[in-house]
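Here are a few exercises to work through with the model open in your viewer. Try each task before reading its solution.

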Amino acid sequence: MRDLIIIGASGFGREVAWLVERINQKDSTWNLLGFIDDNDDIQSDVTNGYKVLGKTESIVSYEDTYFVCAVGASKTREKIIDKIKAIKSDIKFATLIDPSVELSEFVQIGEGSIICAHTILTVNIEIGSHVIINLDCTIGHDAVLKDYVTLYPSVNVSGATKIGHCSELGTGMQIIQGKTVGDYSIVGAGAVVVKDIPDNCTAVGSPAKPIKFHE
């Protein structure tokens with residue numbers, strides 16, 4: 001078994017700990033040591049049986065250990081990964097896939113990505129690094145999800161779509177075939193994307209339309 005530490009001890013971090021337990025029930029793979037979290041108030045706490053081991057600076061103390069970042073917000077996750085890479089240049093990232101996930105052999109998945117229970121990925125799909133695909137999502141043929149993308153639960157991504165770097169797709173939203181969501185954009189819960197969404201915006205509604213642009 002390989003040692004593993006989860007970065008982030010909030011709700012999704014606890015869900016990822018459960019995902020690791022589910023992986024180990026099928027095939028003993030990970031020795032989950034606990035969590036790393038920068039919240040002062042929870043240092044040395046035990047949550048769902050796993051201890052908060054310290055803050056991000058403490059990762060230098062762990063040799064031959066894998067890490068995975070369980071922080072849902074894409075921009076925050078990117079900042080955390082950049083920070084820990086600066087602290088520990090040889091850090092190793094785990095890729096975690098729930099045993100219930102259905103996917104073909106023609107799916108590429110980058111390091112540090114997390115794919116949660118009951119998700120389906122079909123064929124010729126490219127998933128970047130440090131991507132989070134939450135519970136019960138579907139991703140169709142030839143879709144491309146760039147690094148740091150977050151899909152919240154029950155997102156439906158149709159074929160030949162492109163989800164840009166560090167974008168977030170809200171719970172229950174849908175994107176029809178061949179459309180693009182730009183880099184650093186957020187699509188709200190329940191939205192339906194029928195036209196391309198530009199970079200650096202928040203889009204909501206059915207059909208989804210930008211309502212705000214970010215710096």
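**Exercise 1. Find how much space lies in the largest cavity, and work out what lines it.**

Solution. Start with the volume: the largest cavity holds about 60 Å³ of space. Keep in mind that this is a predicted model. Next, check for rivals: the structure has one cavity of 30 Å³ or more. Now go round the wall. Phe-12, Glu-15, Val-16, Trp-18 and Leu-19 are among the lining residues, and Asp-98, Cys-116, Ala-117 and Leu-135 line the largest cavity too. Finally, sort the lining by class: seven residues are nonpolar, two are charged and none is polar.

**Exercise 2. Work out which strands pair with strand 2, and in what sense.**

Solution. Begin with strand 1 (residues 2-7), which pairs with strand 2 in the parallel sense over six bridges. To pin down the register, pick Arg-2: its bridge partner in strand 2 is Trp-30. Then trace the connection: from strand 1 the chain passes through helix 1 (residues 11-26) to reach strand 2, a right-handed β-α-β crossover. Now turn to strand 4 (residues 50-52), which also pairs with strand 2 in the parallel sense, over two bridges. Here a handy marker is Gly-34, whose bridge partner in strand 4 is Lys-51.

**Exercise 3. Decide whether strand 2 is mostly covered or mostly open.**

Solution. First set the cut-off: a residue is buried if its relative accessible area is under 20%. Then go through residues 30-36: five of the seven residues of strand 2 are buried. The verdict is that strand 2 is mostly covered.

Key: Residues numbered from 1 in each chain as written. Predicted model: local features only at pLDDT ≥ 70, side-chain atom pairs only at ≥ 80, totals over all residues. Heavy atoms only, no water. Buried < 20%, exposed > 50% of the residue type's maximum accessible area, 1.4 Å probe, protein only. Helix = DSSP H or I, 4+ residues; strand = E, 2+ residues; numbered from the N terminus. Pairing = 2+ DSSP bridges. Right-handed = clockwise from strand over helix to strand, strands pointing away. 1 Å grid on protein atoms, 1.4 Å probe; cavity = no way out; pocket = protein on both sides within 12 Å on 5 of 7 lines; lining within 4 Å. Points joined across faces, edges and corners; volume = space filled by probe spheres on them. Nonpolar A, V, L, I, M, F, W, Y, C, P; charged D, E, K, R; others polar.
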